[in-house]
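Got your viewer open? Let's take a walk through this one, a selection at a time.

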Amino acid sequence: MTTPLTSISPPARNYLQAACPVEQLARRVETLSVVKVPIPTIPTRILKEVHQDDIHGMLEISFEHFVTGSKDATLMIRRKDTGESVLSPKTQGGGYQHWITALARLDDKVWASGTRFGRINVWSTEGKSLKEFEYNTRDQHVCKQRNKSRINCIASCNRLGKGLFFYAGSPGFVHLWGNQGRRLDFKAAKNDWVYCIEEMEDNRLMVVIGSDLEVWQMVQGKHEVQSKNVIIKESKQEKESSQRSMISSIVRLEATKNKVACACFDGAVKICDFNST
């Protein structure tokens with residue numbers, strides 16, 4: 001297959017004209033061949049009917065297994081190599097109130113799931129229930145009743161030393177849970193949800209509240225917030241838009257952990273370098 005001179009883009013024609021005399025250009029273009037390179041097809045195995053509704057989260061829980069959590073209020077552990085179902089850990093309740101809304105690794109041996117109704121279960125990598133926590137808010141947050149205690153995210157807490165400690169985000173609050181079931185509540189917003197939490201170096205905590213990204217400086221060895229620094233602030237235009245730029249997830253992009261990408265409800269990705277703030 002040959003390529004006619006008229007089909008060559010202007011930049012390409014300019015390059016060819018500079019490389020050879022005009023009278024030779026047509027002859028040279030006529031000898032160009034278009035080689036079609038086949039694109040290999042990657043085999044894809046589809047595991048059908050893993051759940052009966054939307055899958056809200058997926059998490060690697062061990063070298064051999066991963067778990068999924070769904071809007072159908074169930075969890076499912078499967079093998080990585082075959083996709084074979086291993087176990088469906090039993091959770092209390094069913095229906096829309098008990099959607100699985102959060103999954104997180106707490107350490108190498110345990111992971112946690114959270115629900116729309118404020119329940120958090122801690123599991124072993126084998127799917128054995130270890131602990132159960134429940135949060136029932138009394139806050140007057142403006143949202144559907146079944147979402148008032150919704151667990152939007154869970155994150156491990158390593159700064160307090162030994163013992164099982166973890167953070168959870170809900171409408172308006174960051175919670176710090178201890179292994180004895182004790183809970184500390186930190187008010188984060190009047191009427192926005194806490195979507196993401198991630199522990200940072202130097203006793204800092206990265207917290208997403210609605211469309212804003214904040215960094216909280218925690219007091220070393222204590223359950224106290226020393227200061228809050230707003231890294232990304234929702235603009236007036238974004239707030240008045242038909243689709244607010246809520247931040248649904250965050251990823252730290254560099255080994256230095258100073259550059260963060262935020263995925264937003266409005267289709268945008270916001271990238272922030274802490275060193276420049």
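The tour starts with the whole chain, then moves to strands, loops and a pocket.

**Stop 1: the whole thing**

Before you click anything, keep in mind that this is a predicted model. Turn on the cartoon: the secondary structure comes to 3 helices and 19 strands. Now colour by accessibility, and of the protein's 277 residues, 45% count as buried. If you look at contacts with a separation of 6 or more, 38% of them are between residues 24 or more positions apart.

**Stop 2: strands 1 and 2**

Select 55-60, which is strand 1, and then 65-70, which is strand 2. The two pair in the antiparallel sense, with 5 bridges between them. Trace the link from one to the other and you'll find a hairpin that passes through 4 residues. For a landmark on this pair, pick Glu60: standing opposite, in strand 2, is Phe66.

Next, step back to the loop between helix 2 (22-30) and strand 1, where Glu49 lies. Its backbone is worth a click: phi is near 55°, a positive value in a residue other than glycine. Glu49 has 67% relative accessibility, so it counts as exposed.

Then go to the far end of strand 2. Lys71 has its place in the loop between strand 2 and strand 3 (75-79). Is this lysine buried or exposed? The cut-off for buried is under 20% relative accessible area, and Lys71 comes in at 17%, so it counts as buried. Show what surrounds Lys71: leaving aside neighbours within four places in sequence, its contacts are Asp53, Asp54, His56, Tyr96 and Trp99.

**Stop 3: strand 9**

Select 153-156 for strand 9. Show the side chains and look at both faces, since each is covered. Cys153 and Ala155 sit on one side, Ile154 and Ser156 on the other, and all of them are buried. Add residues 166-170 to bring in strand 10, which pairs with strand 9 in the antiparallel sense over 4 bridges. Across from Ser156 you'll see Phe166 of strand 10.

**Stop 4: on the way to strand 13**

Click on Lys190, found in the loop between strand 12 (183-187) and strand 13. This lysine is exposed, with a relative accessible area of 75%. Draw a distance from Lys190 to Gly172: the C-alpha atoms are 6.0 Å apart in space, although the residues are 18 apart in sequence.

**Stop 5: a four-stranded sheet**

Now select strands 13 to 16. They form an open sheet of 4 strands in the order 13-14-15-16, paired antiparallel. Which strands stand at the edges? Strand 13 and strand 16 (225-232) do, and each has a single partner strand, so one side of each is left without a neighbour in the sheet. On average, neighbouring strands of this sheet are turned by 20° against each other, direction ignored.

Zoom in on the middle of that order. Strand 14 (residues 204-209) and strand 15 (residues 212-218) run antiparallel, joined by 6 bridges. To find your bearings there, pick Arg204, whose bridge partner in strand 15 is Gln217.

Just before that arginine, in the loop between strand 13 and strand 14, is Asn203. Asn203 has a positive phi of about 60° although it is not a glycine. With 19% relative accessibility, Asn203 counts as buried.

**Stop 6: the largest pocket**

Switch on the surface for this one. Rolling a probe the size of a water molecule over the atoms shows where empty space is left. The largest pocket has a volume of about 590 Å³. Its lining is made of 24 residues, and to land by its centre, select Asn152, Cys153, Tyr195, Cys196 and Ser248, which lie nearest to that point. Elements that give two or more residues to this lining are strands 1, 5 (100-105), 9, 13 (194-199) and 17 (247-252). Which of the strands gives the most? Strand 13 does, with 5 residues. Colour the lining by class and you get 13 nonpolar, 8 polar and 3 charged residues.

**Stop 7: Val251**

Finish on strand 17, where Val251 lies. Val251 has a relative accessible area of 47%, so it is partly exposed. Beyond neighbours within four places in sequence, Val251 is in contact with Lys259, Val260 and Ala261. For a last distance, go from Val251 to Ala261: 10 residues apart in sequence, 5.3 Å apart C-alpha to C-alpha.

Key. Residues numbered from 1 in each chain as written. Predicted model: local features only at pLDDT ≥ 70, side-chain atom pairs only at ≥ 80, totals over all residues. Heavy atoms only, no water. 1 Å grid on protein atoms, 1.4 Å probe; cavity = no way out; pocket = protein on both sides within 12 Å on 5 of 7 lines; lining within 4 Å. Points joined across faces, edges and corners; volume = space filled by probe spheres on them. Nonpolar A, V, L, I, M, F, W, Y, C, P; charged D, E, K, R; others polar. Pairing = 2+ DSSP bridges. Axes fitted to C-alpha atoms, helices over the stretch in contact; angles between N-to-C directions. Buried < 20%, exposed > 50% of the residue type's maximum accessible area, 1.4 Å probe, protein only. Contact = heavy atoms within 4.5 Å.
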